[in-house]
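Please keep the structure open while you read these notes, and look up each residue as it is named. The points go from one helix to the core around it, and then to charged pairs elsewhere in the chain.

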Amino acid sequence: MADHHRADQPPQSVRPVLFESLEAPLEALDRLPRGLWLGGLTHAAGVLDDRLQAVEVWRTALLQGVLPAPVPAWPAFPLAQAVCASFEQLRLAAYCRGDEALTDTVLQGLLFHLDLIVDYLDRGASEAEARAMAVAAFSADWAERCGEVDALIGAFGELGDLLKNTRWDALRGLLRSREWQEVVRIRALIERLPELVRILRGLGRVLPTDAPSDAHHALEEALEPAQALCATSHSVRVPEMPGATRGVQRSGRIARMLPAEAMLLGHPQLRLVWHARRAERTLLVYEDDDTLPALRQGPTPVQRPSPRPAPATRLEMGPMLICVDTSGSMQGGAESVAKAVVLEAVRSAHAQGRACHIFAFGGPGEIVELAVGIDYEGVRRLAAFLAQGFGGGTDICGPLERAIARMEDASWRQADLLIASDGEFGATPMLAERLHAVRREHGLRVQGILIGDRETIGLLELADEIHWVRDWRRYGRPEAAARGEGAEAGGSPVHSQQLTARYFPGALRSPENRARTVSPQVAAAAVRAGLHRGDPP
């Protein structure tokens, strides 16, 4: 019974063939993202299988940054001509290159707008008018979106998840907000601070990996097979050139004729035979020739040097921890520079695929942590932070403790710490010593960006290197400059940032100063005993 049941069933390998012809028109769906299925299946124009294949062709071409050539079956001519003209005018193909999310969004919009042609026809429009209305609506929609993409690319470079279809309305509202205008202003400010960009992009410790390097700066000479035209010497045989006698032949050459032929000239009747032979070039003559050297140009296999990227290990940048001073003393140009530090840190971390965490600190307990992320929520939080004003006191201990605690995580062990401030703060000796211990154990580097007129004891004790933004007064808000606030023409009125180290070296907690410093109890005992400097206790 079991065997009979199996005999009645068709073989497993035969079953899919029964439905192959029915599923063939939908074969392109396997290669298209799910977001294009609905529009491709329900579109009003064209034949289903041709339309799906055309959408696939459009998608492949746009991902390569070009328009499809030849134009596929959908949309039909002359609508396809108008669509291609719109793509060229908006440079949509260039925007779509390598960006699957944006490409799918563009094709979804194209399917949507071209599907409205039947609605325009129902409203009384002619065929040509309906096509023009659909293309015009598509162009107007994407003209605005292209402007938004340009604004986002200008601020952040690569956009990542920002261009997903469900985020356009929210992004449009964000890009029209007051907060985004502050992002645009700070982005323009970064262009005027090239040294700041270099410092931020150099943060983090370089880590070698097993992956090959993507940077093709170093080149090496490699030999590869090729063909070149080379001259080779050979001999060319030149017939009838005086040289070597090879035999006898018939010719009209009198100088090389045999003596027997010359005898004919002495006979009265046979000399006519000689003239006939000469005219017919049948005189018996000596056959001679010679060889001449010649050069011949021909392809020859050679080894050609060719520069190519030298194999190298890819270097990975480490994570970044950024502490930004948002106290009241930072108002004005210093505030703008501090915000530029935050925005460029976000840009660099996103472009290089690095982790970055920002601590904005004010007075005691006033700490705002900002996790970097180029998605809608991350951009919204960043815009809100850049739009807010600074105020309050200054407490560096809280953000430093959080930064040190974060470095206890293995993923942040290779982080560098950056402090952007005017330096008007002071860390406790215990916290400063704890930071020095992290330096010794984990190789932490602490960079300082001084947005003020001189270095302070607090910044000198914490930073390994201080980068001075001397002309920070230039970068205040335009409305403040209009009121004459912070509009000094030059940079800092102080001639040197190193006033503390130069004029008050004993104020620094250096190892030498600490060795010469005694506790208050020891000092009081020495005074009671009447001891002077240098006397043994």
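1. Before anything else, please bear in mind that this is a predicted model. The buried residues of helix H12 (residues 194–201) pack against helix H11 (178–190), helix H15 (333–352) and four strands, namely S5 (320–325), S8 (416–421), S9 (446–450) and S10 (465–468).

2. Which residues of H12 are buried? They are Leu196, Val197, Ile199 and Leu200, and because they fall within an arc of 165 degrees when one looks down the helix axis, they line one face of H12. Pro194 and Arg198, on the other side of H12, are exposed.

3. The largest nonpolar core has 42 residues, and among those with the most contacts inside it are Leu193, Ile322, Val341 and Ile449. H11, H12, S5, H15, strand S6 (356–361), helix H16 (376–387) and S8 each supply at least two residues of this core, and H15 gives the most, with 10 residues.

4. Ile322 is a useful residue to select in the viewer. Leaving aside residues up to four places away in sequence, Ile322 touches Leu203, Val341, Ala345, Cys356, His357, Ile358, Phe359 and Leu418. There is also a second, separate core of 32 residues, which includes Leu62, Cys84, Leu110 and Ala125.

5. Turning to charge, side chains of opposite charge can pair when their charged atoms come close. The count of salt bridges comes to 14. In one of them the side chains of Arg31 and Glu56 meet, at 2.5 Å from N to O; Arg31 lies in the loop between helix H2 (15–23) and helix H3 (37–42) and Glu56 in helix H4 (residues 48–63), so this pair ties together parts that are 25 residues apart in sequence. Arg31 is partly exposed, with a relative accessible area of 43%, and a network of salt bridges links Glu27, Arg31 and Glu56.

6. Are the partners in the salt bridge between Arg59 and Asp104 buried or exposed? Both Arg59 and Asp104 are buried, and their side chains meet at 2.7 Å, N to O. Since Arg59 lies in helix H4 and Asp104 in helix H7 (residues 100–115), the pair ties together parts that are 45 residues apart in sequence.

7. Glu261 and Arg277 form a salt bridge in which the closest N and O atoms are 3.1 Å apart, linking helix H13 (residues 259–263), where Glu261 lies, with helix H14 (residues 270–280), where Arg277 lies. Glu261 is buried, with a relative accessible area of 3%, whereas Arg277, at 30%, counts as partly exposed.

Notes. Residues numbered from 1 in each chain as written. Predicted model: local features only at pLDDT ≥ 70, side-chain atom pairs only at ≥ 80, totals over all residues. Heavy atoms only, no water. Buried < 20%, exposed > 50% of the residue type's maximum accessible area, 1.4 Å probe, protein only. Arc of directions from axis to C-beta. Contact = heavy atoms within 4.5 Å. Core = buried A, V, L, I, M, F, W, Y, C linked by side-chain atoms within 4.5 Å. Salt bridge = Lys/Arg side-chain N within 4 Å of Asp/Glu carboxyl O.
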